[in-house]
Amino acid sequence: MHVFTSVTVNYIPKARVLAKSVKKFHPECKFHLLLSDIKPQWLDEEKEPFDSIVLIEDLGIKDLNSWIFKHSLVEMCTAVKGFAFQYIFDQYQADRVFYFDPDMVVFSRLDSLLEKLENSSVVLTPHLTAQEENVQGVLDNEISCLKHGVYNLGFLAVKSSSAGRKFIDWWSSRLAAFCYDDIGGGLFTDQKWVDLAPCFFTDIHIAVEPVYNVATWNLSNRVATGTIDDGLLINGKPLCFYHFSGFDSGAQQAMLDVYGGKSPVLTQLREWYIAACRTEGQEEIGNFSCVYSGFENGEPIRVNHRYLYRARQDLRQAFPDPFSTQDIDHSYYHWFEANLEKEGLDIDCGSHSLETKEGLRAALAESRRELEMIKSSRRWRLASALVKIWRPNS
């Protein structure tokens, strides 16, 4: 059994907590850290709970820097997951591969999931496994699933069978081209695609037992009891793994207050997780910036930089390495500054916080509106003509 997670450097403390929890119950498994960032000198594999560190450069992604630039950091860390499944299957001749988001923790053995892979090639866990009983639950949870995807791709288990590989190859190809947080456009990173999977593939098991992928959005029908030391139970059965997604955000704390009232142990669990991450270096490492969050000259990359580059094939051809700023004549950053920024045509995210899904969605909608304004401007038409002149073989 091989297990991996996908992170940038600032998520390494959480990945350590996850890896140690997996190794506690499955010391025989191989745990891989997929790092979409520069590997820091202090990251010593021999001292880490990871059996290997796989870098994004190892995955064989075509036109890597151009591809990365089109994605936000969250989009990038989800888009690489399909490539990573392929890499681990091929590089390690893995029979079964499990993916967990870095903000998950395993609390008991995964034997029940391994058994499901005996008769299936893919195991998915839905966000919800029981219908809501009131309007508020429908609004908070069921409608959220309709927007973000039926299945939570913070977990995925795949067997290296013909059917399993076909599923991964299909999913990976979709993520390579269409892994964006664009709910209005029908996408939510890697999740919405898998809504189609049961229609295309028959060898899929949907694990509806409430002990898997427990999170604030499905607590309305799950009751947690027991203790952290003696073992946690969900609806009377041992918890398999818990998803701490957004555990340190006010919105998630509010959801825990609303839906975790019957499970006071979950407040203790949240405090335990915060302490566990702190022990692994969260307060220091958690503030590190990803190398792909800025241009080569240190200037931050904003959402408008990425959206514009994503939308324009001619820009991608003219600037195959958009991070580079050394050669001003072939620098996307300097082109953007000269042709858009100084004309006041920058896409401004205003007061929208890019730390929350709601803020990202609002920023995306505003960016789309202002991008249409840019495209209709005289300056844009002149800039487009200039790019065509720069294009090779034009």
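## Pocket, sheet and cores of a predicted model

H1, strand S5 (104-106), S12 and helix H11 (265-279) each supply at least two residues to the lining of the second largest pocket. Here helices (H or I, at least four residues) and strands (E, at least two) are DSSP runs, numbered from the N terminus. H1 gives the largest share of that lining, five residues. The volume of this pocket is about 390 Å³. Among its 22 lining residues, Lys24, Val105, Val106, Phe107 and Trp272 are the closest to its centre. On a 1 Å grid over the protein atoms alone, a pocket is an open set of points with protein on both sides within 12 Å along at least five of seven lines, a cavity is a set of points where a 1.4 Å probe fits but cannot get out, and lining residues have an atom within 4 Å of a point. Grid points are joined across faces, edges and corners, and a volume is the space filled by probe spheres set on the points.

This is a predicted model, in which local features need pLDDT of at least 70 and side-chain atom pairs count only at pLDDT 80 or more, while totals for chains, interfaces and linings use all residues. Residues are numbered from 1 along each chain as its sequence is written, and side-chain values use heavy atoms, with hydrogens and water left out.

**Overall content**

The protein has 17 helices and 14 strands. Of its 394 residues, 54% are buried; buried means under 20% relative accessible area, exposed over 50%, and partly exposed in between (1.4 Å probe, protein chains only). Among contacts (heavy atoms within 4.5 Å) between residues at least 6 apart in sequence, 72% join residues at least 24 apart.

**The sheet and its helices**

An open sheet of mixed pairing is formed by seven strands in the order S3-S2-S1-S4-S7-S6-S10. Two strands pair if DSSP finds at least two bridges between them. Strand S3 (52-55) and strand S10 (204-206) are the edge strands, each pairing on one side only. From one strand to the next, the twist averages 20°. Axes are lines fitted to C-alpha atoms, for helices over the stretch in contact, and angles run from 0 to 180 degrees between N-to-C directions.

Strand S1 (residues 2-7) and strand S2 (residues 30-35) run parallel and are joined by six bridges. Within this pair, Thr5 stands opposite Leu33 in S2. Helix H1 (residues 12-25), which also lines the pocket, packs on the sheet and touches S1, S2 and strand S4 (96-100), with its direction at about 165° to that of S2. Helix H7 (residues 162-178) lies across strand S6 (122-124) and strand S7 (155-159), at about 135° to S7.

Elsewhere, strand S11 (residues 224-227) and strand S12 (residues 231-234) run antiparallel, with four bridges between them. Gly226 is opposite Leu232 in S12, and a hairpin of three residues connects S11 to S12.

**Cores and a cavity**

A nonpolar core is a set of buried Ala, Val, Leu, Ile, Met, Phe, Trp, Tyr and Cys residues joined through side-chain atoms within 4.5 Å. The largest core has 57 residues, of which Ile56, Leu59, Phe85, Leu156, Phe167, Trp171 and Tyr332 touch the most other members. Helix H4 (residues 81-92) gives the most to this core, six residues. Neighbours within four places in sequence aside, Leu59 contacts Leu34, Val54, Val80, Phe83, Ala84 and Tyr87. A second, separate core of 53 residues includes Ile12, Val17, Cys29 and Tyr212.

There are two cavities of 30 Å³ or more. The second largest has a volume of about 30 Å³ and is lined by Phe4, His32, Leu33, Leu34, Val54, Ala84, Tyr87 and Ile88. S2 and H4 are the elements that give two or more residues to this lining.

**An enclosed helix and two loop residues**

Helix H13 (residues 303-311) is largely enclosed by the rest of the structure, because eight of its nine residues are buried. These are Val303, Asn304, His305, Arg306, Tyr307, Leu308, Tyr309 and Arg310.

Two residues with positive phi are listed below.

| Residue | Phi | Loop | Relative accessible area |
|---|---|---|---|
| Gln93 | about 50° | between H4 and S4 | 63%, exposed |
| Asn235 | near 50° | between S12 and strand S13 (237-238) | 39%, partly exposed |

Gln93 is not a glycine, and Asn235 is likewise a residue other than glycine.
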